[in-house]
Amino acid sequence: MNGSVQFSRILIANRGEIAVRVIRACREMGIESVAVYSDADRRALHTSLADQALRIGPAAAVDSYLSIEAIFSAARRSGAQAIHPGYGFLSENAAFAAACRDAGLVFIGPPPEAIAQMGSKITARRLAQAAGVPVVPGETPTDQSDQAITAAAHRVGFPLLLKPSEGGGGIGMKTARDAAALAAAIAQSRREALAAFGDGTLYIERLIDRPRHVEFQILADHHGHVVHLFERECSIQRRHQKVIEECPSTALTPALRRRMGEAAVAVARKAGYRNAGTMEFLLEGTGDSARFYFLEMNARLQVEHPITEQVTGVDLVRAQIEIASGAPLAWAQDALAQRGHAIEVRVYAEDPAREYLPQAGPLLIYREPSMPGIRVDAGIVEGGEVTVHYDPLLAKVIASGDTREAARHRALAALRSYPILGIRTNTALLVALLEHERFISGDIDTGFLDAEGDVIRAGLSAEPPREIAAIAAAARAEGAFASGARRGPAPRGDDPWTSLGGLRV
Amino acid sequence: MSKPADDAPIDVVSLGNARYQVDAGTRRRVAFAVVAADTWVFLDGRVYVVPTGGASPARTSRADERGALTAPMPATVLAIHVTPGQTVQRNDVLIVLEAMKMELPIRAPRDGRVRTVACQPGELVQPGVTLLELDTEEA
């Protein structure tokens, strides 16, 4: 972009696959990268890939990746001019972005004011409404008596959801399909809210039946230009954790896509937004008659950004760095187009057969697939260790093709050529999801995985075919022991994942 | 792809670097395998974990004598669904923990009555620390 990049050194205040992603972008742009690491990540991939790596503290994130002080100290020591926060950790911390500005460091992301506005769901909703963008009807009555909540429920309309206003993670969330079910739902939601959060204040929201989660990527520079880079369909999720994302969405028509894209840009303009961000919408129905509602804005790069990159050809991390350096956007809206289809599947260290219990342990074998149309964004290497300290996302497999079916077949082929041994992962679940008839037909909504998950997971445990015993015997005969592993069975008590005070959970 | 006959001989040859060539009848595939406390095998896109000792896996539940339930890893207590004295049934969710940004339900290993709840919502708990004690319910 006109050679306008001014940074010679960028510190990446993150770990795992996203730190690796940013390091690679820096390398391509001729910028030195500075990694930071906790004691748990001394030998992590991001630590070894960067041009410089600085220790920032012990394993606990609060003392390392979440410590503004530790990050600033590393920035000073390294002489970095800018900080890329990745996602999670400090990426949406307005105080951190403000402190960067005060310290004369460029925060590669939105201004602190925009982060603060978008960090509050209430402010973000008001902004969207001011921009003329619909939001899901809802309110938090100041008077929390049963009568006042009932009156508010009738204003919002049925079916509706009662949510603890202090809550998260779906706890205390209750559905009332009609007025008759309301009294019981209020009592139950309030009781659970009090027990879990010590605050019984309830928020009432219209329930959108079988909604899709469709989000729009936007980019905004410091010269008043805002563009959107189309949608990402993220309806395959469980408890708000996305599992599979794709672009384009099977639910959008060109007219609906244009309307939603314009809405995303309007909200970004209203917020004075800069850099990369994502507008999340709930979509009710499909096609031209579908209705969409602004949900929230994510003031950062998203985990699933690669599918947008594959379909638009825009390198979003590079664009973030260029925007932060003051360069104008390289594209007008009408120069951007979607080409082909991309599907991302997230490989998690978790055991779907045991309530998705997170897994920690050694990566004895880790071999990434390499084939046409496949990109793997990962933060791990064979011989590495997955610890309990951080998020269980191991890698993302991004499959691209001319059509949705081509991308789907490539994703399946890649997952089937992707041995990860030593810890359990969700790859068999991903294969089953990609082969599910509802996924194939595009008939998905945010309730899909919760509704179908039990049946899908039950089908995952297969009897080993008779080849397995022969292969295992050959491996043992050859002495193919993992380095560091004892010969013969190890005591089981040292594995925190198989026991819970002696009792499996 | 044709399935090999059940009695077709299986021939496994090491290719080095944890790779194995598997011939069963006329069908040839490459598997990956590594031996640790368990033996891990990757074949046809699936992972199989078999006990290295060859014996059946020692994975049956052992009841803690005190009936204490502990955290399996450092975690935050998200919610407590029971109170002392409450009768619970096997598999009831008693406590929900959060670790690695994931919810972990702690379930009752058997029928019983809650004796004590030793944690609070929002509390950070360490592995091995007792969260709750369960008495066996007399019939």
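Of the 505 residues of chain A, 57% count as buried, where buried means under 20% relative accessible area, exposed over 50% and partly exposed in between, with a 1.4 Å probe and protein chains only. This is a predicted model, in which local features need pLDDT of at least 70 and side-chain atom pairs count only at pLDDT 80 or more, while totals for chains, interfaces and linings use all residues. Side-chain values use heavy atoms, with hydrogens and water left out, residues are numbered from 1 along each chain as its sequence is written, and chains are lettered from A and ligands numbered from 1 in the order in which they are written.

As for overall build, chain A has 16 helices and 23 strands; helices (H or I, at least four residues) and strands (E, at least two) are DSSP runs, numbered from the N terminus. The C-alpha trace of chain A spans about 70 × 60 × 45 Å along its principal axes. Its radius of gyration is 24 Å, which agrees with the value near 23 Å that a compact globule of 505 residues would have; the radius is taken over C-alpha atoms, and the globule rule is 2.2 Å times the number of residues to the power 0.38. In chain A, 66% of the contacts with a separation of 6 or more are between residues 24 or more positions apart, a contact being heavy atoms within 4.5 Å. About 19,500 Å² of chain A is exposed, and carbon and sulfur atoms supply 50% of that, by the Shrake-Rupley method with a 1.4 Å probe, where for residues only the protein chains shown count as cover.

Next come the rings. Over all chains the structure holds 10 aromatic pairs; rings of Phe, Tyr and Trp (its six-membered ring) pair if their centres lie within 6.5 Å, and planes under 30 degrees apart count as stacked, over 60 as edge-to-face and the rest as tilted. One of these is the edge-to-face pair of Tyr65(A) and Tyr390(A), at 5.5 Å centre to centre and 80° between the planes. That pair links distant parts of the chain, 325 residues apart: Tyr65(A) is in the loop between β3 and α3, and Tyr390(A) in the loop between β21 and β22. Both tyrosines, Tyr65(A) and Tyr390(A), are buried.

Phe281(A) and Phe292(A) also meet edge-to-face, with 5.4 Å between centres and 85° between planes. Phe281(A) lies in strand β13 and Phe292(A) in strand β14 of chain A, so this pair ties together parts 11 residues apart in sequence. Phe281(A) is buried at 0% relative accessibility, and Phe292(A) is buried at 8%. Ring pairs link these two with Phe216(A) and Phe294(A) into a cluster.

Charges turn up over rings as well. The charged end of Arg238(A) sits over the ring of Tyr356(A), 3.6 Å from its centre, the criterion being NZ of Lys or CZ of Arg within 6 Å of the ring centre and within 35 degrees of the ring normal. Likewise, Arg404(A) has its charged end over the ring of Phe439(A), 4.5 Å from the centre.

Over in chain B, an open sheet of 4 strands runs in the order β10-β9-β7-β12 with antiparallel pairing; two strands pair if DSSP finds at least two bridges between them. β10 and β12 of chain B stand at the edges with a single partner strand each, so one side of each has no neighbour in the sheet. Strands β7 and β9 of chain B are joined by 4 bridges, and Ala79(B) stands opposite Val96(B) in β9(B).
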